[in-house]
Amino acid sequence: TEVWFRNPHVRYYLEVTDNNGQKSTWDARGSSASLLVRKGWTADSIKVGDKVTIHGHFGKNETHLFGISKVVMSAGTVWSKAVPSYKIQR
């Protein structure tokens, strides 16, 4: 229902329908906009009205908060977790 593509975390507000037909609004959060841009995402990668499947982690205490690790668009495009891997040298 809304795209919030800015720091500190990109947010997608989603209308979700459960198995009983009940609708609720969820706050799906990704990494920072600057990290996502480096991975190829833009503010238009996921638009209001797109149907998506989101993989990630639920927030605490049954809140409607979700941490995004991967998004699969209805056309098959996959946006992966935008967390860079760092190699630590000693």
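**Strand pairing and two residue environments in a predicted model**

Y13 stands opposite D27 in β3. This pair belongs to a predicted model, in which seven bridges join strand β2, covering residues 11–17, to strand β3, covering residues 23–29, the two strands running antiparallel. Between β2 and β3 lie five residues, and the two strands form a hairpin; within its turn, G21 has a positive phi of about 85 degrees.

Strand β3 is also joined to strand β5, which covers residues 65–73, by three bridges, and here the two strands run parallel. D27 takes part in this pairing as well, since its bridge partner in β5 is L65. D27 of β3 is thus found opposite Y13 and is also bridged to L65 of β5.

The wider arrangement of the protein chain comprises one helix and six strands, which follow the pattern β-β-β-α-β-β-β when read along the sequence. Of the 90 residues in the protein chain, 26% are buried. The accessible surface of the chain comes to about 6,600 Å², and carbon and sulfur atoms account for 50% of this surface. Among the contacts in the chain with a separation of 6 or more, 40% are between residues 24 or more positions apart.

Two residues may be described in greater detail, beginning with S32, which lies in the loop between β3 and α1, the latter covering residues 33–38. S32 has a relative accessible area of 14% and is therefore buried, because the cut-off for a buried residue is under 20%. The side chain of S32 makes a polar contact with the side chain of S34, at 3.2 Å. When residues up to four places away in sequence are not counted, S32 touches N7, P8, H9 and V10.

The second residue, V72, is found in strand β5, the strand that runs parallel to β3. V72 has a relative accessible area of 22% and is therefore classed as partly exposed, because this class lies between the buried limit of 20% and the exposed limit of 50%. V72 and V52 are 20 residues apart in sequence, while their C-alpha atoms are 5.7 Å apart in space. V52 is also one of the residues that V72 touches, together with T53, H55, T77 and V78, again not counting residues up to four places away in sequence.

Conventions: Residues numbered from 1 in each chain as written. Predicted model: local features only at pLDDT ≥ 70, side-chain atom pairs only at ≥ 80, totals over all residues. Heavy atoms only, no water. Helix = DSSP H or I, 4+ residues; strand = E, 2+ residues; numbered from the N terminus. Buried < 20%, exposed > 50% of the residue type's maximum accessible area, 1.4 Å probe, protein only. Contact = heavy atoms within 4.5 Å. Areas by Shrake-Rupley, 256 points an atom, 1.4 Å probe, with all protein chains shown as cover. Pairing = 2+ DSSP bridges. Polar contact = N/O pair within 3.5 Å; in protein donor to acceptor, adjacent residues only side chain to side chain.
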